[in-house]
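Notebook open, coffee poured. I'm going through one model today and jotting down what I look up as I go.

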Amino acid sequence: MNPIAYRTTGLAIKALENLSKAKVNLHGTENIPEGGKIFVINHFTRLETFLMPYYLHKLIKQPVWSMAASELFVGAFGRYLESVGAVSTDHPDRDRLIVKTLLVGEAAWIIFPEGHMVKDKKIVEKGRYMISYAGGKRPPHTGAAVLALRTEFYRQRMLQLAHSAPQEVERLLPLLNLNAVEEISRNGTFIVPVNITYYPLRARMNILNHLAARLVDRLPERVMEELMTEGAMLISGVDIDIRFGAPIDIGPYLHKKTIQRDLQSTRPIDFDDPLPCLKCMRKASLKIMRRYMDAIYRMTTVNHDHIFASLILHHPKDTIKLENFRRRAFLTIQQGIEKLSIYLHESMKENQSHLLIDDRFQKLADFLSVAEEKGIIDNDGATLKRHRSILRHAFDYHRARIDNPVAVFANEVEPLTDLHKRISKLCWMPGFMVIRRIAKYFL
């Protein structure tokens with residue numbers, strides 16, 4: 001890691017902060033533990049690749065390295081990525097480097113368990129975590145869990161054998177590029193789940209598109225889409241909520257008798273050898289993966305767009321009176337949502353009477369204008385008409401954020417099952433009961 005490059009990154013992000021209207025809010029920083037740390041983060045935009053190492057470095061005063069797709073390591077940009085601690089996913093010594101730096105506390109790591117940007121935010125399929133991408137669907141990666149388990153295995157093994165089998169420890173030290181057992185951290189290995197939520201999320205042509213089009217001939221549509229979404233976020237203004245969850249201690253996953261027997265075994269186990277307790281490790285890595293995926297997506301910061309989109313999606317009829325829609329949105333947010341153990345955007349914690357009266361903050365009007373622009377609804381000022389076929393249409397993966405943002409908003413809160421149950425119940429509630437509940441609330 002090049003400290004000069006880190007400082008350069010900091011200056012660039014500081015300049016970007018001054019130019020843009022983006023506001024970064026950090027939550028749960030007290031959850032960051034001492035010891036080896038892998039931060040597992042949801043991946044929706046290119047911004048995370050640059051923002052997270054910078055903010056984490058400021059928080060923990062420690063280098064923060066990450067893995068990046070091998071196709072990015074080309075030319076000057078590839079050299080820059082290497083200088084700030086990015087490692088290609090195809091690097092032959094990738095795992096050895098990660099384990100070594102975690103063992104001695106030389107660096108923390110960022111891993112995106114989805115493996116790529118999830119542009120449509122669709123990560124649940126029939127109750128299971130499944131990642132959508134251009135080629136189809138697949139489960140999330142267990143790589144972060146495997147690396148954390150391997151790190152903790154060697155940490156405990158070398159510390160336990162330091163007295164009972166020093167010759168085996170001496171053999172292992174050079175394999176991990178270590179000089180002495182004293183370098184190994186006495187603190188454990190942890191995985192820290194992190195969620196990043198953006199609000200509002202709008203994709204529009206902006207100055208970055210025009211600038212890029214001037215500099216690069218035949219700009220790929222995929223790059224144009226990313227500039228439209230992420231450029232609009234920065235220039236128009238967006239709240240970026242970064243939330244740190246409770247750390248997952250890897251040590252307890254090694255307490256099984258079979259694993260403990262292998263930890264204490266004095267026979268040689270090289271770094272590249274399959275661990276003798278491989279079956280137990282695979283089971284443990286799957287458990288850990290499901291645990292951090294749950295933690296990441298249950299920390300989504302719920303905002304008005306999520307509520308409006310879910311109401312549009314779950315309403316049993318394709319037409320709804322605008323006043324009726326306002327009432328259901330008000331009741332969803334204002335009454336009982338704090339009991340659902342979800343995290344709310346700051347604007348959701350205030351009184352929501354404006355949704356019923358004049359929409360003075362333009363929360364609903366802005367959402368409806370986007371939904372109408374994309375053909376999801378028709379709005380004549382009194383009635384909303386939903387076009388179900390467009391809302392549920394299988395849109396192009398790379399254009400999801402442009403073509404069907406309403407589905408993207410709804411997908412993001414799909415893992416929050418209690419919220420979905422509440423919204424679905426309110427959608428089926430007769431209109432007169434909604435009015436009675438609101439009257440009772442104000443009384």
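**Entry 1: overall count**

I began with secondary structure and got 18 helices and 17 strands in the protein. This is a predicted model, so I wanted the confidence before going on. Mean pLDDT for the protein is 83, with 81% of the residues at 70 or more.

Where is confidence lowest, and where is it highest? The low end is helix α7, residues 207-215, with a mean of 44. The high end is strand β12, residues 248-249, at 97. I also noted that residues 205-217 stay under 50 in pLDDT. For that stretch the model has 18 contacts beyond four places in sequence. I'm leaving it there and reading no detail into it.

**Entry 2: burial and surface**

Of the 443 residues in the protein, 53% are buried. I put the accessible surface at about 20,900 Å², and carbon and sulfur atoms hold 54% of that. Then I checked contact range: taking contacts between residues at least 6 apart in sequence, 78% link residues at least 24 apart.

**Entry 3: α11 against α16**

Next I picked a helix pair. Helix α11 covers residues 304-314 and helix α16 covers residues 405-412; their axes come within 8 Å and cross at roughly 105°. The angle falls between 65 and 115 degrees, which means α11 is roughly perpendicular to α16.

Which residues make the contact? From α11 I listed Asp-305, His-306, Ala-309, Ser-310 and Leu-313. From α16 I listed Val-406, Phe-409, Ala-410 and Glu-412. Sorted by class, this contact has five nonpolar, two polar and two charged residues.

I then zoomed in on Ser-310, which sits in α11. Buried or exposed? Ser-310 has 0% relative accessibility, so it counts as buried. Beyond its neighbours within four places in sequence, Ser-310 contacts Ala-410, Val-413, His-420 and Ile-423. Ala-410 is also on the α16 list for the helix pair.

**Entry 4: how enclosed is α16?**

I went through α16 residue by residue. Pro-405, Val-406, Ala-407, Val-408, Phe-409, Ala-410, Asn-411 and Glu-412 are buried. That is eight of eight, so α16 is largely enclosed by the rest of the structure.

What do those buried residues pack against? I found strand β10 (189-199) and helices α11, α13 (363-373), α14 (388-391), α15 (400-403) and α17 (417-428).

**Entry 5: Val-194 in β10**

β10 had just come up, so I looked inside it. Val-194 lies in this strand and is buried, since its relative accessible area is 0%. I followed Val-194 to Ile-242: they are 48 residues apart in sequence, yet 7.0 Å apart from C-alpha to C-alpha.

The contact list for Val-194, without neighbours within four places in sequence, is Phe-39, Val-40, Ile-41, Asn-42, Met-52, Ile-242, Arg-243, Phe-244, Ile-296 and Met-299. Ile-242 is on that list too.

**Entry 6: Gln-160 in α5**

I moved to helix α5, residues 143-164, and stopped at Gln-160. Its relative accessibility is 32%, so Gln-160 counts as partly exposed. The C-alpha atoms of Gln-160 and Leu-263 are separated by 8.0 Å, although the two residues are 103 apart along the chain. Setting aside residues up to four places away, Gln-160 touches Gln-260, Leu-263 and Gln-264.

**Entry 7: backbone oddities**

A reminder to myself: most residues other than glycine have a negative phi, and most peptide bonds are trans. I went looking for exceptions.

I found a cis peptide bond between Tyr-199 and Pro-200, with omega about -5°. Pro-200 is in the loop between β10 and α7.

Asn-177 has a positive phi, near 60°. I placed Asn-177 in the loop between α6 (166-175) and β10. With a relative accessible area of 52%, Asn-177 is exposed.

Gln-362 also has a positive phi near 60°. The loop here runs between β15 (343-344) and α13. Gln-362 has a relative accessible area of 46%, so I logged it as partly exposed.

Key. Residues numbered from 1 in each chain as written. Predicted model: local features only at pLDDT ≥ 70, side-chain atom pairs only at ≥ 80, totals over all residues. Heavy atoms only, no water. pLDDT = per-residue confidence, 0-100. Helix = DSSP H or I, 4+ residues; strand = E, 2+ residues; numbered from the N terminus. Contact = heavy atoms within 4.5 Å. Buried < 20%, exposed > 50% of the residue type's maximum accessible area, 1.4 Å probe, protein only. Areas by Shrake-Rupley, 256 points an atom, 1.4 Å probe, with all protein chains shown as cover. Axes fitted to C-alpha atoms, helices over the stretch in contact; angles between N-to-C directions. Parallel < 35°, antiparallel > 145°, perpendicular 65-115°, else oblique. Nonpolar A, V, L, I, M, F, W, Y, C, P; charged D, E, K, R; others polar.
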